[in-house]
Amino acid sequence: QVQLVESGGGLVQPGGSLRLSCTASRRLISPYRMAWYRQAPGEQRESVAQITSDGATIYGDSVKGRFTISTDNAKNTVYLQMNSLKPEDTAVYYCYVNGRAVNVVGIFNSWGQGTQVTVSS
């Protein structure tokens with residue numbers, strides 16, 4: 001299987017920035033999709049941003065213009081640059097990858113362990 005390791009969460013003041021990273025344990029094979037989801041207490045998990053192996057991106061309405069998703073294919077890593085953070089962005093952020101990878105049979109779906117982002121003054 002493919003493990004995902006996330007980093008970059010923390011506490012930030014409103015208006016601040018954070019960058020999340022998520023690295024896959026195996027080399028990915030196109031086509032694949034990498035995404036970030038988030039879940040606030042008492043809320044359902046929602047899609048934040050996603051990017052395909054050909055570079056196409058989709059953002060949730062609440063983060064458009066503030067968040068940017070990108071990848072470093074050589075490092076099997078997806079990033080989420082979060083700017084102009086608001087208290088309502090507070091949540092656990094999860095990385096998700098769907099696709100194929102070296103030495104993995106078939107299509108896999110993997111989730112990261114989650115990283116807490118807290119926006120508060």
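Begin the tour by selecting Y96, which in this predicted model is a buried residue, since its relative accessible area is 9% and so falls under the 20% that marks the limit for burial. Keep Y96 on screen and add Y37, whose relative accessible area of 17% also places it among the buried residues.

**The aromatic rings**

A search of the whole structure finds three aromatic pairs. In one of them, the rings of Y37 and Y96 have their centres 6.1 Å apart and their planes at 85 degrees, and because an angle over 60 degrees counts as edge-to-face, that is the name this pair receives. If you now colour the chain by strand, you will find Y37 in strand β4, residues 28-39, and Y96 in strand β9, residues 91-101, so that the pair links distant parts of the chain, 59 residues apart.

Which residue joins Y37 and Y96 in a cluster linked by ring pairs? Select W111 to see it, for ring pairs connect W111, Y37 and Y96 into one cluster.

With W111 still displayed, add R45 and look at the charged end of its side chain, which sits over the ring of W111 at 4.7 Å from the ring centre. The charged end of R45 also sits over the ring of Y94, and there the distance to the ring centre is 3.8 Å.

**Strand β9 and its partners**

Next, select the whole of β9, where eight of the 11 residues are buried, so that this strand is largely enclosed by the rest of the structure. Add β4, which pairs with β9 in the antiparallel sense over nine bridges, and look for A35, which stands opposite Y96 of β9.

While β4 is in view, turn to P31, which has its place in this strand, and examine the peptide bond that leads from S30 to P31, because it is cis, with omega near 0 degrees.

Now bring in β10, residues 108-111, which forms an antiparallel pair with β9 over four bridges; one place to check this pairing is G99, whose bridge partner in β10 is F108. In the hairpin of β9 and β10 there are six residues between the strands, and within this hairpin N103 takes a positive phi near 65 degrees. N103 is a residue other than glycine with a positive phi, and at 68% relative accessibility N103 counts as exposed.

To complete this group, select strand β11, residues 115-119, which runs antiparallel to β9 and is joined to it by three bridges. Here V92 is the residue to pick out, with Q116 as its bridge partner in β11.

**The four-stranded open sheet**

Hide the earlier selections and display β1, β3, β8 and β7, which in that order make up an open sheet of four strands with antiparallel pairing. Which strands stand at the edges of this sheet? They are β1, residues 4-7, and β7, residues 67-72, each of which has a single partner strand, so one side of each is left without a neighbour in the sheet. As you turn the view, follow the twist, which averages 15 degrees from one strand to the next.

Then zoom in on β7 and on β8, residues 77-82, which pair in the antiparallel sense over six bridges, and locate S70, whose bridge partner in β8 is Y79. In the loop between β7 and β8 you will meet N76, another stop for backbone angles, where phi is near 50 degrees and therefore positive in a residue other than glycine. Is N76 buried or exposed? At 13% relative accessibility, N76 counts as buried.

**The nonpolar core**

For the last stop, select W36, L80, M82 and Y93, which touch the most other members among the 30 residues of the largest nonpolar core. Two or more residues of this core come from each of β3, β4, β5, β7, β8, β9 and β11, and β9 gives the largest share, five residues. In soluble globular proteins, nonpolar side chains tend to be buried together.

Finally, centre the view on L80 and show its contacts, leaving aside neighbours within four places in sequence: these contacts include L18, L20, W36, V48, F67, I69 and Y93. R19, A49 and T68 are also in contact with L80.

Methods: Residues are numbered from 1 along each chain as its sequence is written. This is a predicted model: local features need pLDDT of at least 70, side-chain atom pairs count only at pLDDT 80 or more; totals for chains, interfaces and linings use all residues. Side-chain values use heavy atoms; hydrogens and water are left out. Rings of Phe, Tyr and Trp (its six-membered ring) pair if their centres lie within 6.5 Å; planes under 30 degrees apart count as stacked, over 60 as edge-to-face and the rest as tilted. Buried means under 20% relative accessible area, exposed over 50%, partly exposed in between (1.4 Å probe, protein chains only). A charge sits over a ring if NZ of Lys or CZ of Arg is within 6 Å of the ring centre and within 35 degrees of the ring normal. Two strands pair if DSSP finds at least two bridges between them. Axes are lines fitted to C-alpha atoms, for helices over the stretch in contact, and angles run from 0 to 180 degrees between N-to-C directions. A nonpolar core is a set of buried Ala, Val, Leu, Ile, Met, Phe, Trp, Tyr and Cys residues joined through side-chain atoms within 4.5 Å. Contact means heavy atoms within 4.5 Å.
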